[in-house]
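Let's take a walk through this structure together, starting with the whole chain and then moving in on a few of its helices. Have a look first, then read on.

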Amino acid sequence: MKYLAAYLLLTSAGNASPSAEDIKTVLSSVGIEPEEDRLSSLLSELEGKDINELIAEGSAKLASVPTGGAVAAAAGGAGGAAPAEAAEEEAAPAEEEKEESDDDMGFGLFD
């Protein structure tokens, strides 16, 4: 991920085709020792490809992945009164936690 982040940083700075040395320079500036095999693997995968097109393709693929939110909503609608009771039970512990976090151990900010 760090190699791809360095690559994207360089492309956003105007370097349309960053070299291995460019990426090594970025990574070493933040104290990361680059691994040659991972760096060469990334560059070989990205060779001759437009990074903006790759990002657009990836976004389109992620948009088609189901997230499971619809399943939870469908299951909640079928339960009737049970979800309302669960929501009340969840709200009660949150209030108790808030009370505990308000404890200032006998002194306050402006005392």
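Before we count any contacts, one bit of vocabulary: two residues are in contact when they have heavy atoms within 4.5 Å. With that in hand, take the contacts in the chain with a separation of 6 or more: residues 24 or more positions apart account for 45% of them. Keep in mind that what you're looking at is a predicted model.

Now for the overall layout. The chain has six helices and zero strands, so the pattern along the sequence reads α-α-α-α-α-α. There are 111 residues in the chain, and 14% of them count as buried.

Let's start with the pair α1 and α2. Helix α1 covers residues 2–12 and helix α2 covers residues 20–29. How do we describe such a pair? Two packed helices are described by the angle between their axes and the distance between the axes. For α1 and α2, the angle is about 105 degrees and the axes are 9 Å apart. An angle of 65 to 115 degrees counts as roughly perpendicular, so α1 is roughly perpendicular to α2. On the α1 side, the residues that meet α2 are Lys2, Tyr3, Ala6, Tyr7, Leu9 and Leu10. Their partners in α2 are Asp22, Ile23, Val26 and Leu27. Sorted by class, this contact has eight nonpolar residues, two charged ones and no polar ones.

Next, bring in helix α3, which spans residues 36–46. It packs with α1 at an angle of about 50 degrees, and the two axes are 10 Å apart. That makes α1 oblique to α3, and the crossing of α1 with α3 is right-handed. Here Tyr3, Leu4 and Tyr7 of α1 meet Arg38, Leu39, Leu42, Leu43 and Leu46 of α3. The contact of α1 with α3 breaks down into seven nonpolar residues, one charged residue and no polar ones. Tyr3 and Tyr7 turn up in the contact with α2 and in the contact with α3.

That leaves α2 against α3. Their axes come within 11 Å and cross at roughly 130 degrees, and α2 and α3 are therefore oblique to each other. This crossing is right-handed. Ala20, Ile23 and Lys24 of α2 make the contact with Glu36, Leu39 and Leu43 of α3. By class, the contact of α2 with α3 has four nonpolar, two charged and no polar residues.

It's worth pausing on Ala20, which sits in helix α2. Is Ala20 buried, exposed or partly exposed? Buried would take under 20% relative accessible area and exposed over 50%; because Ala20 has a relative accessible area of 25%, it is partly exposed. Leaving out residues up to four places away in sequence, Ala20 touches Leu39 and Leu43. Look at Leu42 too: Ala20 and Leu42 are 22 residues apart along the chain, and their C-alpha atoms are separated by 9.5 Å.

Now turn α2 around and compare its sides. Which residues of α2 are buried? They are Ile23, Lys24, Val26 and Leu27. Seen down the axis of α2, these buried residues fall within an arc of 165 degrees, so they line one face of the helix. The cover over them includes α1 and α3. On the other side of α2 you'll find Glu21, Thr25 and Ser29, which are exposed. After α2 comes Gly31, with a positive phi near 85 degrees.

You can read α3 in a similar way. Its buried residues are Leu39, Leu42 and Leu46. Down the axis of α3, they fall within an arc of 65 degrees, so they line one face of the helix. What covers the buried residues of α3 includes α1, α2 and α4, the last of these spanning residues 51–63. On the face turned away from that buried side, Asp37 and Glu45 are exposed. Following α3 is Gly48, whose phi is positive and near 75 degrees.

To close, look back at Leu39. It is one of the buried residues of α3, it takes part in the contact of α3 with α1, and it also belongs to the contact with α2.

Terms used:
Residues are numbered from 1 along each chain as its sequence is written. This is a predicted model: local features need pLDDT of at least 70, side-chain atom pairs count only at pLDDT 80 or more; totals for chains, interfaces and linings use all residues. Side-chain values use heavy atoms; hydrogens and water are left out. Axes are lines fitted to C-alpha atoms, for helices over the stretch in contact, and angles run from 0 to 180 degrees between N-to-C directions. Helices (H or I, at least four residues) and strands (E, at least two) are DSSP runs, numbered from the N terminus. Angles under 35 degrees count as roughly parallel, over 145 as roughly antiparallel, 65 to 115 as roughly perpendicular and the rest as oblique. Ala, Val, Leu, Ile, Met, Phe, Trp, Tyr, Cys and Pro count as nonpolar, Asp, Glu, Lys and Arg as charged, and the others, Gly among them, as polar. A crossing is left-handed if the near helix is turned anticlockwise from the far one by less than a right angle, and right-handed if clockwise. Buried means under 20% relative accessible area, exposed over 50%, partly exposed in between (1.4 Å probe, protein chains only). The arc is that of the directions from the helix axis to the C-beta atoms.
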